[in-house]
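Colleague: I am new to this structure and would like to go through its side chains with you. Please show it first.

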Amino acid sequence: MFTRTIEPAFYDTDALGHINNTRLPAWFELARNDLFKLFTPDLNPKQWRLIMARMEVDYRAELFYGHDIEIRTYLTRLGNSSFTVTQEARQHGTLTNLGHTVMVQYDHQEKRAVPIEGALREALSAHLETAPASA
């Protein structure tokens, strides 16, 4: 599991004083960088080996400005060429948001999915966990 801490900025809030719901997909993407580095260590977009096939976010509780948010990132499924990244946003230890993103290892020149094999599969397997139950 990868863990990152986000310190919300004032501009992350909405008119109701909560963290705006549009911030979670951006923070989840930022937190996936640790996983992306397994595929492209220098994060060079010209060497990118992934595409996103699906993303969903469950909003379970409010997030607030002035308090750090912990983002936990791990895999809940590892297929032949695709995998599901599950991410949790937590504030004060409470699970506030749960995200699932399906990523595919992809050859952009050939326009096709590529099997995940060898050392890369082993590295990804080390981050397989069970997600919390959906609400």
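What follows is a set of questions and answers on aromatic pairs, one glutamine and the nonpolar cores.

Modeller: This is a predicted model, in which local features need pLDDT of at least 70, side-chain atom pairs count only at pLDDT 80 or more, and totals for chains, interfaces and linings use all residues. Residues are numbered from 1 along each chain as its sequence is written, and side-chain values use heavy atoms, with hydrogens and water left out.

Colleague: How many aromatic pairs does a search of the whole structure find?

Modeller: Rings of Phe, Tyr and Trp (its six-membered ring) pair if their centres lie within 6.5 Å; planes under 30 degrees apart are stacked, over 60 edge-to-face and the rest tilted. Searching the whole structure on that basis gives a count of three.

Colleague: Of which kind is the aromatic pair of Phe36 and Trp48?

Modeller: Phe36 is in helix H2 (residues 33-39) and Trp48 in the loop between H2 and strand S2 (50-59), 12 residues apart; helices (H or I, at least four residues) and strands (E, at least two) are DSSP runs, numbered from the N terminus. The ring centres are 5.2 Å apart and the planes at 75°, which makes the pair edge-to-face.

Colleague: Is Gln105 buried or exposed?

Modeller: Buried means under 20% relative accessible area, exposed over 50%, and partly exposed in between (1.4 Å probe, protein chains only). Gln105 lies in strand S5 (residues 94-107). Its relative accessible area is 4%, so Gln105 is buried.

Colleague: Which residue's backbone oxygen does the side chain of Gln105 reach?

Modeller: Contact means heavy atoms within 4.5 Å. Leaving aside neighbours within four places in sequence, Gln105 has contacts including Phe39, Arg49 and Leu120. At 2.8 Å, the backbone oxygen reached by its side chain is that of Pro115.

Colleague: Which element gives the most to the largest nonpolar core?

Modeller: A nonpolar core is a set of buried Ala, Val, Leu, Ile, Met, Phe, Trp, Tyr and Cys residues joined through side-chain atoms within 4.5 Å. This core has 13 residues, of which Leu35, Phe83 and Leu124 touch the most other members. H2, strand S3 (69-78), S4 and helix H3 (118-125) each supply at least two of its residues. With three residues, the element that gives the most is H2.

Colleague: How many residues are in the other core?

Modeller: In soluble globular proteins, nonpolar side chains tend to be buried together. Ile6, Ile19, Trp27 and Ala89 are among the members of this other core, which lies apart from the largest one and has 11 residues.

Notes
A polar contact is a pair of N or O atoms within 3.5 Å; within protein, one must be able to donate a hydrogen and the other to accept it, and residues adjacent in sequence count only if both atoms are side-chain atoms.
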